Amino acid sequence: MSSSSRIPNRADIEAVAPSGPSASLYNADLAPVLAHNRSWGTWNIAALWVGMAVCIPTYTLAAGLISQGMTWTQALITIMLGNLIVLVPMILNAHAGTRYGIPFPVLLRASFGTMGANVPALMRAMVACGWFGIQTWIGGSAIYTLHSVIFGFEPAGPADMMPIIGLSAGQFASFLVFWAINIAVILAGIDTIKWLETLAAPFLIAIGLGLLAWGITAGGGLGQILSAETVASVRGTSADTFSFWAAFWPNLTAMVGFWATLSLNIPDFTRYAYSQKDQVAGQLIGLPFTMTLFSFIGIAVTSATVIVFGEAIWDPVLLLGRFESPIIVGFALFALTIATLSTNIAANVVSPANDFANLAPSKITFRRGGLITGIIGILIFPWKLYSDLGNYIFTWLIGYSSLLGAIGGVMLVDYYIIRRARLSVDSLYRTDGRYSYGGSGFNWRALAALAIGIIPNVPGFLAQATGGALSVPAFFSTLYTYAWFVSLAISALAYLLLTRAYPPPEGSDPSPALSQT
């Protein structure tokens with residue numbers, strides 16, 4: 001049966017149109033998606049993950065791990081385990097999106113309050129803006145590099161860099177071109193995003209497998225490219241003094257942090273799913289499998305470059321620049337554009353567009369929220385953020401994962417333990433409903449738990465961000481390597497204890513008996 005004609009399983013869907021919503025909390029983009037408007041099945045959810053996971057950062061993800069001394073199997077296991085761990089909160093947070101048809105910022109209103117939800121929503125939005133900028137820079141860099149091969153001009157050197165920006169005119173123009181393509185898709189709306197992800201998924205899988213086939217053939221076989229001698233050249237000198245467990249825990253946290261963003265705002269997509277079965281199966285198929293497969297492709301092809309070119313080339317853009325055929329390079333440019341675009345739009349635009357809309361629903365639509373995301377993505381100078389793999393993993397990925405882990409802890413306790421998965425849809429859209437928490441719109445218990453979960457990771461983050469210039473006790477540096485796990489556990493426990501010790505006002509009583517729609 002085609003997805004357009006399928007009848008949703010209404011047994012686990014309780015989405016209803018809110019009665020008398022407040023104008024300051026409601027617009028068409030934030031409204032619940034009703035059962036008869038659902039159009040995403042298992043394949044659509046799986047394709048969404050394929051489209052997001054097949055990207056240059058995934059391809060290069062193992063680079064940081066192997067450069068620290070891990071073997072290729074250790075790196076792959078770390079990546080796979082991190083994705084299986086983050087899949088748990090991903091599926092749990094997705095439940096409310098499918099059951100009630102609500103997006104991420106609206107779900108936050110239940111735990112943080114109708115106004116307080118803007119705090120974690122904006123935290124998530126700013127992270128997405130950073131990722132949007134990074135992915136847009138990667139896409140623009142690919143356009144620039146591959147055009148230099150096609151048209152035969154010399155890539156820009158240090159003397160060509162513009163002041164302040166730190167890019168040449170050509171590099172910056174390529175960045176803006178790819179940025180404009182992203183903005184065009186945003187303005188086309190959510191249906192275009194679904195269409196892009198569904199069509200891109202099989203194409204991207206085929207491209208990845210084709211690249212793997214080239215690496216195996218050109219490198220003399222899989223056994224040759226993954227031999228101890230070849231991999232030793234990829235690992236470099238750091239393998240001599242390598243301690244696996246010292247590297248494993250911070251990198252596992254970083255792997256979890258890679259998709260910690262989506263583990264929060266996954267309701268933005270699962271609100272369109274036919275049923276819980278579709279969203280669970282689609283994510284289980286799409287996320288860990290694709291991330292592990294494409295990371296392996298990155299490892300295998302990079303090992304092949306040691307044999308073919310005499311050096312390890314982790315960046316697929318630089319690798320493609322070694323090919324002389326304009327046809328191959330042109331096709332590669334198209335494939336990289338689709339891969340980066342499909343990741344960027346779904347992973348880094350949908351959530352902040354909704355999050356910014358949640359600030360002022362009567363004034364900010366999904367499309368306007370997307371434009372705000374795009375502008376911020378330029379202003380953060382993402383090419384500087386992504387320039388160093390070590391900073392990318394230890395400062396950016398672990399640092400923001402600590403923030404998002406704390407949000408996730410509050411969300412999971414509130415939805416599953418406090419409310420037992422029962423929400424009042426009407427109250428989510430009313431300034432005088434039970435989620436107004438006495439009329440203020442803020443649940444101080446959730447905000448306090450959020451801060452309590454983040455604070456222990458701040459010293460370690462500052463030490464890492466300053467490159468060791470700021471000295472902190474070793475305890476905090478060690479704690480920082482487990483940032484996501486620490487912040488999630490502490491905020492979850494703090495929120496549970498605060499809610500039990502200081503129950504919300506009667507009008508916002510979250511007991512299951514009062515939480516029926």
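**Figure 1. Environment of Thr290 in helix H14 of the predicted model.** Thr290 is counted as buried, with a relative accessibility of 6%. Its position is within helix H14, which comprises residues 276–309. Leaving aside neighbours within four places in sequence, the contacts of Thr290 are Val50, Ala53 and Val54. Arg419 lies 129 residues from Thr290 along the chain, and the C-alpha atoms of the two residues are separated by 34 Å.

**Figure 2. The largest nonpolar core and the surroundings of Trp259.** The largest nonpolar core contains 136 residues. Within this core, Trp49, Trp259, Leu262 and Leu423 touch the most other members. Helix H6 gives the most to the core, with 11 residues. Another core, of 6 residues, lies apart from the largest one; among its members are Ala125, Ala357, Ile364 and Ile376. When residues up to four places away in sequence are not counted, Trp259 touches Trp49, Met52, Ala53, Asn83, Val86, Met90, Leu287, Met291 and Ala347. Trp49 thus appears both in this list of contacts and among the core residues that touch the most other members.

**Figure 3. The largest cavity and its lining.** A search of the whole structure yields 3 cavities of 30 Å³ or more. The largest cavity holds about 80 Å³ of space. Its lining consists of Cys55, Pro57, Trp131, Gln135, Phe258, Trp259, Thr261, Leu262, Thr343, Ala347 and Asn348. Two or more of these residues come from each of helix H6 (118–151), helix H12 (260–265) and helix H16 (326–348). H16 provides the largest share of the lining, 3 residues. Divided by class, the lining has 7 nonpolar and 4 polar residues, and no charged residues. Trp259 and Leu262, both in this lining, are also among the residues that touch the most other members of the largest nonpolar core.

**Figure 4. The second largest pocket.** The volume of the second largest pocket is about 410 Å³. Its lining comprises 20 residues, and those nearest the centre of the pocket are Ile207, Leu211, Leu320, Ala332 and Ala335. At least two lining residues are supplied by each of helix H2 (56–59), helix H8 (190–218), helix H15 (316–320) and H16. H16 gives the most to this lining, with 6 residues. By class, 19 of the lining residues are nonpolar and 1 is polar, while no charged residue is present. H16 therefore recurs in this series of views: H16 gives the largest share of the lining of the largest cavity and the most to the lining of the second largest pocket.**Figure 5. The buried face of helix H22.** Helix H22 spans residues 444–454, and its buried residues are Arg445, Ala446, Ala449, Leu450, Gly453 and Ile454. Seen down the axis of H22, these buried residues fall within an arc of 160°, so they line one face of the helix. An α-helix has 3.6 residues a turn, so residues three or four places apart point the same way.

**Figure 6. Two residues with positive phi, Ile164 and Tyr437.** Most residues other than glycine have a negative phi. Ile164, although not a glycine, has a positive phi of about 70°. Ile164 is placed in the loop between H6 and helix H7 (169–188). With a relative accessible area of 71%, Ile164 is exposed. Tyr437, likewise not a glycine, has a positive phi of about 50°. Tyr437 belongs to the loop between helix H21 (425–428) and H22. Tyr437 counts as buried, at 6% relative accessibility.

**Figure 7. Phe485 in helix H25.** Helix H25, which holds Phe485, covers residues 483–501. Phe485 counts as partly exposed, at 26% relative accessibility. Neighbours within four places in sequence aside, Phe485 is in contact with Ile85, Leu252, Thr253 and Val256. Between Phe485 and Arg445, 40 residues apart in sequence, the C-alpha to C-alpha distance is 20 Å. Arg445 is one of the buried residues of H22.

**Figure 8. Ala360 and Ser24.** Ala360 is situated in the loop between helix H17 (350–359) and helix H18 (366–379). Its relative accessibility is 23%, and Ala360 counts as partly exposed. Ala360 and Ser24 are 336 residues apart in sequence, and 6.3 Å apart in space from C-alpha to C-alpha.

Key:
Residues numbered from 1 in each chain as written. Predicted model: local features only at pLDDT ≥ 70, side-chain atom pairs only at ≥ 80, totals over all residues. Heavy atoms only, no water. 1 Å grid on protein atoms, 1.4 Å probe; cavity = no way out; pocket = protein on both sides within 12 Å on 5 of 7 lines; lining within 4 Å. Points joined across faces, edges and corners; volume = space filled by probe spheres on them. Helix = DSSP H or I, 4+ residues; strand = E, 2+ residues; numbered from the N terminus. Nonpolar A, V, L, I, M, F, W, Y, C, P; charged D, E, K, R; others polar. Buried < 20%, exposed > 50% of the residue type's maximum accessible area, 1.4 Å probe, protein only. Arc of directions from axis to C-beta. Core = buried A, V, L, I, M, F, W, Y, C linked by side-chain atoms within 4.5 Å. Contact = heavy atoms within 4.5 Å.
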